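Grab a pencil and work through these exercises with the structure open beside you. Try each task yourself before you read its solution.

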Amino acid sequence: MKKFWKWKNQTVINQETQEQTLERTLFLNGTIAEESWFDDDITPKLFRDELFAGNGDITIWINSPGGDCVAAAQIYNMMMEYPGNVTVKIDGIAASAASVIAMAGTKVLVSPVSMLMIHNPMTVAMGDTSEMQKAIAMLDEVKESIINAYEIKTGMSRAKLSHLMDAETWMDAHTAIDMGFADGILAGPAETPVKNNATGPMLFSRAAVTNSLMDKLAAKCRIKKPETPERSVDSLMERLDLIKQYI
């Protein structure tokens, strides 16, 4: 079994009180459940046992492109059930299923150069029309369950979240905070939080980019009709009288 997570215990010193505390840190790197978890009772149990093996607050570092949404849902539930505070720190990317896990954080912090992406769930199906309809219905239900996690964290409407997922939306750190997916930006002890001086949100939508490109191509390929010079009524009457002379 290939584990996609790793625990590390380290001593943290409070800068104000100089008190030392043991911090439990979980690292989620790479694809979530690439080789196991689905139809597997051992992997989820192992993750749960390791999570509840200790107590106190935990920190989760996420750098993952996503993976199995069922595994992500179970990890999300375990984190929500954990009695201590859960601080999520996104230092690279939290895309797809990884973004669902991030929503379980009591506090979600993002690196100034990190990205967060949400989109519709995907699957591979084979069979007749009945099987395809079942797969579509299943994906619809999975999407609704994912929206539940986003809705709890952001307070955004389900319709708005659904549109963002349809468009495969990428967010930079400031946009993730503005939209409620994150609570703050990662900063060192002596650093001042970065102020967003951008004139607008840095939000990337694949659907919006595609539509914009298609509009530009259509405009380039459109053939303009030759402009017909405007003529006054008097001018037309003069031409008509001239024609009559030759009839």
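**Exercise 1. A residue in a loop**

Find the residues that N120 touches, leaving out those up to four places away in sequence, and describe where N120 sits.

*Solution.* Before you start, keep in mind that this is a predicted model.

Step 1: Look around N120. Beyond the residues up to four places away in sequence, N120 touches K143, M165 and D166.

Step 2: Check whether a polar contact is among these. The side chains of N120 and K143 are joined by one, at 3.1 Å.

Step 3: Place the residue. N120 belongs to the loop between β6 and α4.

Step 4: Judge the exposure. The relative accessible area of N120 is 24%, and since buried means under 20% and exposed means over 50%, N120 counts as partly exposed.

Step 5: Try a distance. N120 and T169 are 49 residues apart along the chain, yet 9.9 Å separates their C-alpha atoms.

**Exercise 2. Checking a helix**

How far apart should the ends of helix α4 be, and what does the model give?

*Solution.* Step 1: Count the residues. Helix α4 runs over residues 129-154, which makes 26 residues.

Step 2: Work out the expected span. You take 1.5 Å times one less than the number of residues, and for α4 that comes to 38 Å.

Step 3: Compare. The end C-alpha atoms of α4 are 37 Å apart, so the model agrees with the expected span.

Step 4: Look at the two ends. At the start of α4, a side-chain oxygen of D128 comes to within 3.2 Å of the backbone nitrogen of S130. After α4 comes G155, with a positive phi near 75 degrees.

Step 5: Find the buried side. The buried residues of α4 are A135, V142, K143, I146, I147, A149, Y150, K153 and T154. Notice K143 in that list; K143 is also the partner of N120 in the polar contact from Exercise 1.

Step 6: Ask what does the covering. The elements over these buried residues include α2 (69-81), α3 (97-102), β5 (107-110), β6 (115-118) and α5.

**Exercise 3. A serine next door**

Is S162 buried or exposed, and which residues does S162 touch?

*Solution.* Step 1: Locate it. S162 is part of helix α5, which spans residues 158-166.

Step 2: Use the cut-off. With a relative accessible area of 18%, S162 falls under 20%, so S162 is buried.

Step 3: List the contacts. Leaving out residues up to four places away in sequence, S162 touches K143 and I147. Both names appear among the buried residues of α4.

**Exercise 4. Two positive phi values**

Where do Q18 and S96 lie, and is each one buried or exposed?

*Solution.* Step 1: Read the angles. Phi is near 60 degrees for Q18, a positive value in a residue that isn't glycine. For S96, also not a glycine, phi is positive too, near 55 degrees.

Step 2: Place them. Q18 is in the loop between β1 and β2, while S96 is in the loop between β4 and α3.

Step 3: Compare the accessibility. Q18 has a relative accessible area of 52%, so Q18 is exposed. S96 is at 17%, so S96 counts as buried.

**Exercise 5. Empty spaces**

What volume does the largest pocket have, and which residues line the largest cavity?

*Solution.* Step 1: Start with the pocket. The largest pocket has a volume of about 670 Å³. There are 23 residues lining this pocket, and the closest to its centre are V12, E23, T59, T87 and K89.

Step 2: Find the elements. β1 (5-13), β2 (20-29), β3 (58-64), β4 (86-95) and β5 each give at least two residues to the pocket lining.

Step 3: Turn to cavities. Searching the whole structure turns up 1 cavity of 30 Å³ or more. The largest cavity holds about 30 Å³ of space, and its lining is I90, V110, S114, M115, L116, M171, D172, A173 and A176.

**Exercise 6. How far to trust it**

Which elements have the highest and the lowest mean pLDDT?

*Solution.* Step 1: Take the whole protein. Its mean pLDDT is 84, and 74% of the residues reach 70 or more.

Step 2: Compare elements. β5 has the highest mean pLDDT, 98, and helix α8 (residues 233-245) the lowest, 62.

Step 3: Spot the weak stretch. Over residues 190-194 the pLDDT is below 50, and beyond near neighbours in sequence this stretch has 2 contacts in the model.

Step 4: Draw the lesson. Where pLDDT is low, don't read the predicted coordinates in detail.

Conventions. Residues numbered from 1 in each chain as written. Predicted model: local features only at pLDDT ≥ 70, side-chain atom pairs only at ≥ 80, totals over all residues. Heavy atoms only, no water. Helix = DSSP H or I, 4+ residues; strand = E, 2+ residues; numbered from the N terminus. Buried < 20%, exposed > 50% of the residue type's maximum accessible area, 1.4 Å probe, protein only. Contact = heavy atoms within 4.5 Å. Polar contact = N/O pair within 3.5 Å; in protein donor to acceptor, adjacent residues only side chain to side chain. pLDDT = per-residue confidence, 0-100. 1 Å grid on protein atoms, 1.4 Å probe; cavity = no way out; pocket = protein on both sides within 12 Å on 5 of 7 lines; lining within 4 Å. Points joined across faces, edges and corners; volume = space filled by probe spheres on them.
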